[in-house]
Amino acid sequence: MDRRVVITGLGVVAPNGVGVPAFTNAVKMGISGISHDRQLQDLQFSCQIAGKPEITENMKLSYFSELELRGFNSTGILYGVIAGLEAWADAKLPSNGPEPDWDTGILFGSGTSGVDKFRESIYKIDDLQTRRLGSNVVAQTMNSGISAYLGGKLGAGNQVTTNSSACVTGTESILMAFDRIRSGQAKRMLAGSTGESGPYIWAGFDAMRVCTFRHNDTPEKGSRPMSASASGFVPGSGAGAMVLEDLESAIQRDAPIYAEVLGGNVNSGGQRGEGTMTAPNSAAVQRCITEALKKAGVKGKDIDAINGHLTATSKDSLEIENWAEALDRREADFPYINSLKSMTGHCLSGAGSIECVASVLQLYDGFIFPNINCEDLHPEIASVINPSCVPSGLIIKNINLLAKASFGFGDVNACIIFKKYKN
Amino acid sequence: MMNKEQLIGKLKIIVKPYTNNPEAYENMDEGTGFIDDLRINSANLVDIILDIEETFDITIDNDDMERMLDVKAAIEIIEAKLAGK
């Protein structure tokens, strides 16, 4: 029999809030985490604004040993470890037992690992200094670095791995962890993803001209999902994490329960039809959503809110049309929809998990967070759904079912259905 | 030239951050093993060697590196390198 899976802990490191309390407040208040980035300006990027979480030295010291911080240069592992350990502590779970915890696994995704560390190493290698690299290059630059760091800190003895699927990564990691618990292979999984900061991560997007270059002097106005004046995404970074747990285990240990994961789906458009390396195949997007509903055992009409992918590029209108088609709901019948990227920018491989944390908070606390910078809703969107479905202010309201989707390069999609937990 | 006690004193400062056994660290002497006694992660031995190279301004080759598993061997190698300078 399939096991029921609930969320018992949350952690987040986002440009507009580090830690769940700060993040919850920022999300409710519509506080932007986008700021001008001096380094991007010096390097003559077109887009010189970005979303970067603020991590203090003290915070580093409370999550890493002094030895771990020697020669440490990986923002992805930094963000992921902080978010992951916050979620673990939030779930009231112990750590540092003497034996591996065979029932606990880690599924923590990442697009890259330690790109700054890798760059530093490349300079040394080309300078014939390979023997002076030290012992920590591999752990910081292997893509699974983040799950390896977390696995060691928590003593996880079940599957410990890293997934990678561009901007779908975070939503996919939660679904993969869900599957592992539902099929009875693990009692709990720390799931999430991390996205690194800095010019060496963001340059490729800047070169593609997909980031906005119109808001270098008005950073907080830069990320404008669904807006008529949207002019490209703002690069972001950070990590989101959640503890997924077998419902029985959660009840047994009297754990806090934030929401239930009903199910979801991942698929790909195969880069066929209108789908390419960088553009989505709408048939696949719609199929991903309808299959997710089917697997979760719910109907499109029952969805109260959507947390979209919605990056602030020309593809936002197409995404709305795809949701409308998949749910078979239009105009005023459409659910509430919002995009966290208006406040955080696009956190790339970290995006899905940070946005899933924001989604779960909405169910748990009973609110719909505002879309900022969308006072001028795109007319193509307004022709499909009623503008009231795109709130520009905080709405306090209990919601029952939320659909969250992420779409990524490679024509890949993920959609997950969260439900308010009632015992 | 530094005497043995001074060398051990310097070595003690170098290995401190990598040590996982405070008791063995406190009593560190020539007979102390880096992995067996101080419970240093074997991957960190290369970091210790880099720190030694920097502290004493010497270069330790791969053969010497392989046998540098305890304080005694480390002192021998450092002394030899310093004498050859």
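This is a short walk through a structure with chains A and B, which is a predicted model.

Let me begin with chain A, for which UniProt, in an unreviewed entry, lists residues 2-420 as "domain: Ketosynthase family 3 (KS3)". Over that stretch of chain A the chain is 35% helix and 19% strand, and the C-alpha atoms at its two ends are 19 Å apart.

A separate assignment divides chain A into domain 1, residues 5-259, and domain 2, which is made of residues 263-340 together with 368-411. Taken over C-alpha atoms, the centres of these two domains of chain A are separated by 24 Å, and where the domains meet, 24 residues of domain 1 are in contact with 27 residues of domain 2. On the domain 1 side of that meeting, the elements of chain A that give two or more residues are α1 (20-29) and α9 (169-182), and it is α9(A) that gives the most, with four residues. Sorted by class, that same side of domain 1 has 11 nonpolar, nine polar and four charged residues.

If we now turn to the interior, the largest nonpolar core has 107 residues, and those with the most contacts inside it are A:Leu190, A:Met242, A:Leu244, A:Ile289, A:Val360 and A:Ile416. Helix α5 of chain A, residues 75-90, supplies the largest share of this core, namely nine residues. Because domain 1 and domain 2 of chain A both give residues to this core, it lies between them. To take one residue from that list, A:Ile416 touches, leaving aside residues up to four places away in sequence, a set of partners that includes A:Thr171, A:Ile174, A:Val261, A:Ala292 and A:Lys404. Apart from this core lies another one, of 15 residues, among them B:Val15, B:Tyr18, B:Ile40 and B:Ile49.

That brings us to chain B, which has five helices and zero strands. The radius of gyration of chain B is 12 Å, close to the 12 Å that the globule rule gives for 85 residues, so chain B is as compact as a globular protein of that length. Its C-alpha trace spans about 35 × 25 × 20 Å along the principal axes, and 21% of the 85 residues of chain B count as buried. Of the contacts in chain B with a separation of 6 or more, 48% are accounted for by residues 24 or more positions apart.

Finally, how do the two chains meet, and what does each bring? The contact takes seven residues from chain B and six residues from chain A, and by class the chain B side has five nonpolar, one polar and one charged residues.

Conventions. Residues numbered from 1 in each chain as written. Chains lettered and ligands numbered in written order. Predicted model: local features only at pLDDT ≥ 70, side-chain atom pairs only at ≥ 80, totals over all residues. Rg over C-alpha atoms; globule rule 2.2 N^0.38 Å. Buried ≥ 20, exposed ≤ 12 C-beta atoms within 10 Å, placed from the backbone. Contact = placed C-beta atoms within 7 Å. Nonpolar A, V, L, I, M, F, W, Y, C, P; charged D, E, K, R; others polar. Core = buried A, V, L, I, M, F, W, Y, C linked by C-beta atoms within 7 Å. Domains from an automatic or database assignment. UniProt positions renumbered as here; feature names shortened; annotations may be inferred.
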